[in-house]
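Student: I would like to go through this model and ask what stands behind each term. Please set the values against the definitions.

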Protein chains: 2
Amino acid sequence: MEITVSRSSKTPMYLQIKNQIEAMINSGKLPANFILPAERAMSEKLQVNRSTVVKAYMELKAEGLVEARVGSGTVVLPSPARDGVQEKTYVPPLRWNQLESRRAVKSNEQTISNILSVFEKERVISFASGVASEDSYDLELFKKIQTQLLEKYREKIFMPTPVEGCTELKHTIKSYLQQNGINAGVRQIMVTSGSQQSIEFFARLLIEPGDVVLVEEPTYIGAIQAFESYEARIVSIPMDEEGIRLDVLENCLVKYRPKFLYTQPTFHNPTGLTMSMNRRKELLRLAYYYNVPVMEDNPYGELYYEGEKLPALKSLDTNDYVIYVSSFSKTISFSLRVGFVVAGENIINRFTRFKQITDIQTNTHSQYLIHEFIAQGHLKGHLENLRRINKMKRDMMAAQLQRGKIEDMKIYVPGGGYFIWLELPKNIVMSELLKQLGDVGVVIMPGDVFFPKFNVENNYVRLNFSYPKEQDIKNGVEKLIECIVRCSENSKKLRRPVETVINPYL
Amino acid sequence: MEITVSRSSKTPMYLQIKNQIEAMINSGKLPANFILPAERAMSEKLQVNRSTVVKAYMELKAEGLVEARVGSGTVVLPSPARDGVQEKTYVPPLRWNQLESRRAVKSNEQTISNILSVFEKERVISFASGVASEDSYDLELFKKIQTQLLEKYREKIFMPTPVEGCTELKHTIKSYLQQNGINAGVRQIMVTSGSQQSIEFFARLLIEPGDVVLVEEPTYIGAIQAFESYEARIVSIPMDEEGIRLDVLENCLVKYRPKFLYTQPTFHNPTGLTMSMNRRKELLRLAYYYNVPVMEDNPYGELYYEGEKLPALKSLDTNDYVIYVSSFSKTISFSLRVGFVVAGENIINRFTRFKQITDIQTNTHSQYLIHEFIAQGHLKGHLENLRRINKMKRDMMAAQLQRGKIEDMKIYVPGGGYFIWLELPKNIVMSELLKQLGDVGVVIMPGDVFFPKFNVENNYVRLNFSYPKEQDIKNGVEKLIECIVRCSENSKKLRRPVETVINPYL
C-alpha cells in the first residue's frame with residue numbers, strides 16, 4: 001500500500017491520504033476486509049502528524065468505505081457495487097448479541113415465564129402461581145354471558161374499542177371504584193391489558209436511566225422487572241407488621257429524591273402484610289411533604305378473609321398524588337387480561353399514547369365480558385365465594401404448616417390475598433430444598449426473586465394457597481415439610497457449598 | 001447568618017463551614033427554602049478558597065439538607081422531623097410535566113387513538129380505519145365455537161397460557177405458516193397481543209437512542225411510533241411500482257449502517273404497493289451483504305384480489321435474517337388482539353422476557369378461539385369470503401373515484417389489502433379538505449402521518465374500503481369528490497394560507 005504526501009500541494013495532507021486510499025478501495029486494490037495500517041504506523045511512515053492520519057481515516061469512515069473494528073483496526077468494508085458481479089456464497093449469520101440494545105440484554109429474568117409454563121405440566125403440585133383455582137369458575141354462568149354478549153352486542157364484540165378502553169366498562173369500573181371510596185371520572189380511568197401493563201406504562205412515563213424508585217422489600221417481581229427495564233435504581237425499604245417502615249422511607253426520600261414510590265398496601269405480594277390505617281395516613285403525609293408520587297398496586301384488596309377492609313390509599317388521597325392500579329385478574333380471571341389504572345387526565349393521555357404503540361387496545365370480548373359480569377350483579381356473589389374458598393384453603397395450609405413443628409420456621413399468615421410467606425430455618429440451603437422439591441413434584445417460589453438485589457442472605461419462601469386443590473395442599477405441604485426436615489438434617493451432617501442453583505420450574 | 005472559620009483548627013475548613021450551617025438548619029435558624037449565600041460571595045466573606053465553600057455545600061447536599069435549584073441557588077430543604085409538629089396545610093400539586101421521562105414527552109402522536117374513537121361515533125362514514133367490516137363476521141359460527149371452547153377446554157379458558165403463547169395455537173400457526181412456504185418450529189413462533197406488540201418488542205430489542213432504522217416512505221404509522229419511542233433515527237426510502245428502491249436502499253445501508261430495515265413487501269400500508277419477486281430477492285441479497293436484519297410485516301398477505309400470491313421474504317430467506325410478523329387482526333378479528341412473530345429462538349427468548357414485563361400473556365380465550373377457528377378448517381372459507389367482499393368494495397370505490405374525473409388526481413388501486421392511495425391535485429390544501437369532510441361527516445386518513453418526517457409537501461390520502469358498507473362507500477366517495485372539487489375551485493379563486501390543521505377525528 002503506497003501513499004505519497006506532498007507538503008507543497010494545495011490539497012490538505014489528510015485529504016491527499018484519504019483520496020489515495022479511496023481510489024485504491026474503489027479500484028479493488030484494497031479488497032473488502034483489508035486492514036489499513038494502524039494510525040501511528042501510518043503517521044510515522046508518512047512523517048505526518050498522527051492527527052492527519054486520524055482525520056483521513058475519519059473521512060473514509062464517514063463515507064462508508066471503512067469501519068473501525070475492535071481488535072482488528074480500521075477495515076475496508078465490502079460493497080456489492082464495487083465488488084462487481086461476484087456473489088458472496090457464504091453469508092455470515094447475524095450476530096444478534098452484538099445488535100441488541102442495553103435494555104434488551106438486561107431483561108433476562110424469567111421467573112414469571114417459568115411459573116406460567118407450569119400450568120401446562122401435569123402431575124405437579126404448584127404453590128408458585130398467583131391465580132385463582134380452576135374450580136372457582138362458574139362455567140355455566142360464563143357460557144350464558146358469552147352467548148348473551150354475541151346476542152346483545154353482535155359484531156361489536158369483534159370491532160375495536162377506544163384505545164383507553166370501552167366506554168361501558170369504564171362506567172362500570174367508575175361505579176365499582178365508588179363503592180370502594182374512590183371517586184374518579186371516566187376520563188381518569190383507563191383499561192389496560194392487566195395491571196402489569198399499567199405498571200409498565202408508569203415506569204415508561206417517569207423513569208430516566210439512573211432515577212431512584214422506592215419499593216417495599218420484598219416486592220412484586222413484575223414491578224421490579226418493569227422498573228429495571230427502564231434502568232431505574234431500585235431502593236427497597238423494609239417492612240414491619242404495619243407495612244413499610246416510615247423512618248427508613250423518610251430517610252430515603254431525603255437522601256435519594258426518588259422519582260416515585262411503588263407500594264402494595266393491602267395483602268402485599270409476597271408477604272401478605274397489610275399497612276395499618278395510621279401508616280397509610282402518615283405515608284401520604286410524607287408523599288405530600290416531599291412531593292413524591294405514589295403508585296398504589298391493589299390487586300388483592302377484595303380478597304379479605306377477616307377483619308374490616310382498610311381504605312385504599314387512593315381513597316385517602318386528597319391531592320392526586322396516588323396513581324391507583326388494580327385488575328380483575330385475581331378476582332374474575334387472570335387470563336382475560338383486564339386491568340385498569342386511575343390517574344389524572346394528563347397521565348391517562350400519556351398512557352393512551354403508550355398503549356397505541358404497544359398493543360393498540362385491550363381485547364374487546366374480555367372488556368365486554370367483564371362489563372356484563374359486573375353490570376349484571378355477579379361480582380358480589382362471586383367474591384363471597386372466592387373469599388370463602390380461599391379462607392378455607394389458607395387456614396388449611398397454615399394449620400398443616402404449623403403441625404410440621406419445624407423449629408425456627410416463621411409462618412406469616414395473611415388477612416387476605418393469595419400467599420403465605422415462610423421464613424425457613426437458617427440452616428436450610430435453598431438450592432438443595434428446591435432440588436428436593438423438584439424431585440417430588442412440588443413447585444414453590446423462593447423468596448429471593450422478590451428482593452430487588454436478589455439478597456442471598458435470606459431464606460424466604462412464598463406459598464400460594466388459592467390455586468392448588470385441597471388435596472394438593474395436603475400432599476404438597478406434607479412433602480414440603482419432609483423436604484425441609486431432610487435438608488435441615490443434611491445440613492447438620494455435612495456443611496458443603498452447593499455448586500449451582502437448580503431452576504425448579506424447568 | 002454568621003459563620004466563623006479558624007485556620008488553626010484541626011477540623012478542615014470546609015467541615016467547619018458545613019457543621020455550622022448544619023447546626024443552623026437543625027435548630028431551625030435557617031428555615032426551609034432559605035437560600036444560602038452564593039458560593040463566590042461566601043468565599044469572599046470568609047476569605048477562603050471558593051472550592052472550600054463548594055465542598056461544604058456538596059456535603060450538605062449529600063446529606064439531604066440543601067439542594068441546588070436552578071435560578072435560586074442552594075436552598076434549605078424542608079423536613080417534617082425538623083420542622084416539628086406544624087403540618088403544611090397547602091400541598092403543592094405534583095408537576096407531572098417535570099417528572100416525565102424524555103421518552104414519555106416524545107410519545108405525543110394520537111392518530112391511531114383518534115381512528116379507534118371513531119368506532120363509537122354514529123353517523124360518520126369512516127374511510128380511516130384498518131379493520132374488516134362488521135358484516136364480515138359469521139356470528140353463528142363464532143357463537144358455536146365459543147360454546148365448544150367452554151365445553152372442550154372448560155376452566156382452561158380462564159387459566160394462564162405460557163408467556164410465549166398456548167402450545168395448541170403455536171402448532172396451528174406452524175402448519176399455517178408451512179402452507180405459506182415458511183418453515184418454523186414451534187420454538188421459533190411466539191404469540192403476541194397483535195403484531196403491534198411484535199413490532200414494539202423488536203424496537204425494544206435492538207434500538208439504542210440515535211440508531212438508524214430504515215423504513216419505506218411512506219410506512220405504517222404504528223411502526224414509526226414504536227421506533228421513535230426508542231429514539232431511533234428513522235431514515236425512509238422511497239418506493240416505485242416494484243416497491244422499495246434498491247439503489248437508495250444500498251446507499252443508505254452504506255451511509256447509515258442501520259440497525260435494521262422494516263418493510264411491508266405485500267399490500268403495503270398505506271400505498272397498497274407490492275414488491276416484485278425480483279426485488280424481494282435483491283433486497284435479501286443486500287441484507288446479507290451488509291449484515292442487516294429485516295423485519296417483514298405481513299398483515300395483509302392473505303387478502304389478495306387478483307394475480308398470484310408472491311412468497312413472503314421470510315420464505316425466501318435462507319440465512320435467518322428476516323423476522324416475520326403477522327396477525328389475525330386483518331383476517332379473523334382486529335379486536336381479539338392475536339398476532340405472532342417468527343424468529344430465532346434467542347430472539348423469542350428475549351421477547352418472552354419483554355412480554356413478561358409488559359402484559360404477561362395474550363388473552364387465553366382469544367388464543368383458543370383462533371386455534372379452534374383454524375383447526376376446525378374455517379379459515380379457508382372465511383378468507384375466500386373476505387377476498388370476495390373486499391375485491392368488490394375495492395372495485396366499487398376505485399370506479400367511483402375514477403368517475404369523479406378529477407384532473408391531476410392519481411388513484412393507486414392495490415392488488416390486495418385494505419387501502420386505496422390517492423394523490424390529490426397539487427392545489428388542494430389538505431387542512432381545508434379535512435375541514436370540509438368533517439362538516440359532511442366523512443373521515444379519511446391524510447397521508448402525511450405515514451411519512452416519518454411529517455412531510456408537508458405531499459398531498460396524499462389513504463382510503464380504506466374494507467370497513468365501510470357499500471352504501472357508505474357510494475355516499476362517502478361522492479362527498480369526497482364534491483369536497484375536492486370545491487377545495488380546488490376555492491384555491492383557484494383565493495390563495496390564502498390556512499391557519500391551523502383541523503383534526504378530523506374529534
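Student: What makes residues of chain B and chain A part of the contact, and how many does each chain give?

Tutor: Contact means heavy atoms within 4.5 Å; on that basis chain B gives 111 residues and chain A gives 111 residues. This is a predicted model, in which local features need pLDDT of at least 70 and side-chain atom pairs count only at pLDDT 80 or more, while totals for chains, interfaces and linings use all residues. Side-chain values use heavy atoms, with hydrogens and water left out; residues are numbered from 1 along each chain as its sequence is written, and chains are lettered from A and ligands numbered from 1 in the order in which they are written.

Student: What area do chain B and chain A bury between them?

Tutor: About 10100 Å², 59% of it on carbon and sulfur atoms. Buried area is the accessible area (1.4 Å probe) that two parts lose on being put together, summed over both. B:Trp96, B:Phe158 and B:Tyr289 supply 9% of the area that chain B buries against chain A, more than any other three residues.

Student: Why is the pair B:Arg204 and A:Glu200 called a salt bridge?

Tutor: The term requires a side-chain nitrogen of Lys or Arg within 4 Å of a carboxyl oxygen of Asp or Glu. The closest N and O atoms of B:Arg204 and A:Glu200 are 2.7 Å apart, so the pair qualifies. Between chain B and chain A the count is eight salt bridges.

Student: Which helix gives the most to the side of chain B that touches chain A?

Tutor: Helix α14 (residues 345-358) of chain B, with nine residues. Helices (H or I, at least four residues) and strands (E, at least two) are DSSP runs, numbered from the N terminus.

Student: How do you know that β13 and β16 of chain A pair?

Tutor: Two strands pair if DSSP finds at least two bridges between them. Five bridges join β13 (residues 419-423) to β16 (residues 460-464) in chain A, so the condition is met, and the two run antiparallel. A:Phe419 stands opposite A:Asn464 in β16(A).

Student: What makes β12 and β15 of chain A edge strands?

Tutor: The open antiparallel sheet has the order β12-β13-β16-β15 in chain A. β12 (410-412) and β15 (445-446) each have a single partner strand, so one side of each is left without a neighbour in the sheet.

Student: Which strands does helix α17 of chain A lie across?

Tutor: Helix α17 (residues 379-403) lies across β12, β13 and β16 of chain A, at about 15 degrees to β13(A). Axes are lines fitted to C-alpha atoms, for helices over the stretch in contact, and angles run from 0 to 180 degrees between N-to-C directions.
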